[in-house]
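Hi,

Here is the structure I promised to pass on. Have a look at it first, and then read on for what turned up when I went through it.

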Amino acid sequence: MGERASTYQLDKPSRDKTEQAHKAYTDKYLVHLTAGQLVNGFDQFYKEPLNRPIKVDEAAIVVLRQLAGDPPDAIKALTDTLRNLSKEH
């Protein structure tokens, strides 16, 4: 619903491209995910005290990428960025 609401004013080629990107993201990060995996991922993420100031919606990106098997160096870079951003708020 959010994807639809954010793209309805786009021209057809732009909307199609956005919908393709959304589908690719959903297929990679959400299709085979269970609620238990997500809960465990958040538990592991927030066990690290440095991660606790990170907002849940931002942490979700890290957790989903970890569960999908994205490269550890990319996960670390993203986590470090989110830690730095959380210090600014």
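**What I found**

Ile 54 is buried, with a relative accessible area of just 3%. Please keep in mind throughout that this is a predicted model. Ile 54 belongs to the loop between helix 3 and helix 4 (56–67). If you want a sense of distance, try Ile 54 against Lys 12: 42 residues separate them in sequence, and their C-alpha atoms are 36 Å apart in space.

**Helix 3**

Going back along the chain from that loop brings you to helix 3 (35–47). Helix 3 has 13 residues and runs 18 Å from its first C-alpha to its last, close to the 18 Å expected at 1.5 Å a residue. Which residues of helix 3 are buried? They are Gly 41, Phe 42, Phe 45 and Tyr 46. They sit on the same side of helix 3, because they cover an arc of only 120° around the axis. The face turned away from that buried side carries Gln 44 and Lys 47, both exposed.

Some of those buried residues also turn up among the aromatic contacts. The structure holds 3 aromatic pairs. One of them is in helix 2 (12–29): Tyr 25 and Tyr 29 make a tilted pair, with 4.7 Å from centre to centre and 45° between the planes. These two tyrosines are 4 residues apart in helix 2, so about one helical turn separates them. Is each of them buried or exposed? Tyr 25 is partly exposed, since its relative accessible area is 35%, whereas Tyr 29 counts as buried because its relative accessibility is 12%.

Phe 45 and Tyr 46 form an edge-to-face pair, 5.1 Å centre to centre and with 85° between the planes. Phe 45 has a relative accessibility of 4% and so counts as buried. Ring pairs also bring in Phe 42, linking Phe 42, Phe 45 and Tyr 46 into a cluster.

**A nonpolar patch on the surface**

Tyr 25 has a second role in the picture. Together with Leu 30 and Ile 61, Tyr 25 makes a nonpolar surface patch of about 240 Å². Leu 30 lies in the loop between helix 2 and helix 3. With 37% relative accessibility, Leu 30 counts as partly exposed.

**Salt bridges**

As a reminder, side chains of opposite charge can pair when their charged atoms come close. How many salt bridges does a search of the whole structure find? The search gives 6.

One of them is in helix 2, where Lys 23 bridges to Asp 27 with the closest N and O atoms 2.8 Å apart. Lys 23 and Asp 27 are 4 residues apart in that helix, about one turn. Asp 27 is partly exposed, at a relative accessible area of 37%.

Helix 5 (residues 72–88) has a similar arrangement to look at: Asp 80 and Lys 76 both lie there, 4 residues apart, about one turn of the helix. Asp 80 forms a salt bridge with Lys 76, and the closest N and O atoms are 2.7 Å apart. Asp 80 counts as partly exposed because its relative accessibility is 25%, while Lys 76 is exposed, with a relative accessible area of 53%.

Asp 80 has another partner in Arg 83, with the closest N and O atoms of that salt bridge 3.6 Å apart. Arg 83 and Asp 80 are 3 residues apart in helix 5, so about one helical turn lies between them. Elsewhere, salt bridges that share partners join Lys 28, Arg 65 and Asp 70 into one network.

**Helix 5**

While you have helix 5 on screen, check its span too. Helix 5 has 17 residues and reaches 25 Å from its first C-alpha to its last, close to the 24 Å expected at 1.5 Å a residue. Its buried residues are Ile 75, Thr 79, Leu 82, Arg 83 and Ser 86. They cover an arc of only 105° around the axis, which puts them on the same side of helix 5. Arg 83 is thus one of the buried residues as well as a salt-bridge partner of Asp 80. On the other side of helix 5, Asp 73, Lys 87 and Glu 88 are exposed.

Cheers

Notes: Residues numbered from 1 in each chain as written. Predicted model: local features only at pLDDT ≥ 70, side-chain atom pairs only at ≥ 80, totals over all residues. Heavy atoms only, no water. Patch = residues over 30% accessible without salt bridge, like charges linked within 9 Å, V, L, I, M, F, W, Y side chains within 5 Å. Areas by Shrake-Rupley, 256 points an atom, 1.4 Å probe, with all protein chains shown as cover. Salt bridge = Lys/Arg side-chain N within 4 Å of Asp/Glu carboxyl O. Buried < 20%, exposed > 50% of the residue type's maximum accessible area, 1.4 Å probe, protein only. Phe/Tyr/Trp six-rings, centres within 6.5 Å; stacked < 30°, edge-to-face > 60°. Expected span 1.5 Å × (residues − 1). Arc of directions from axis to C-beta.
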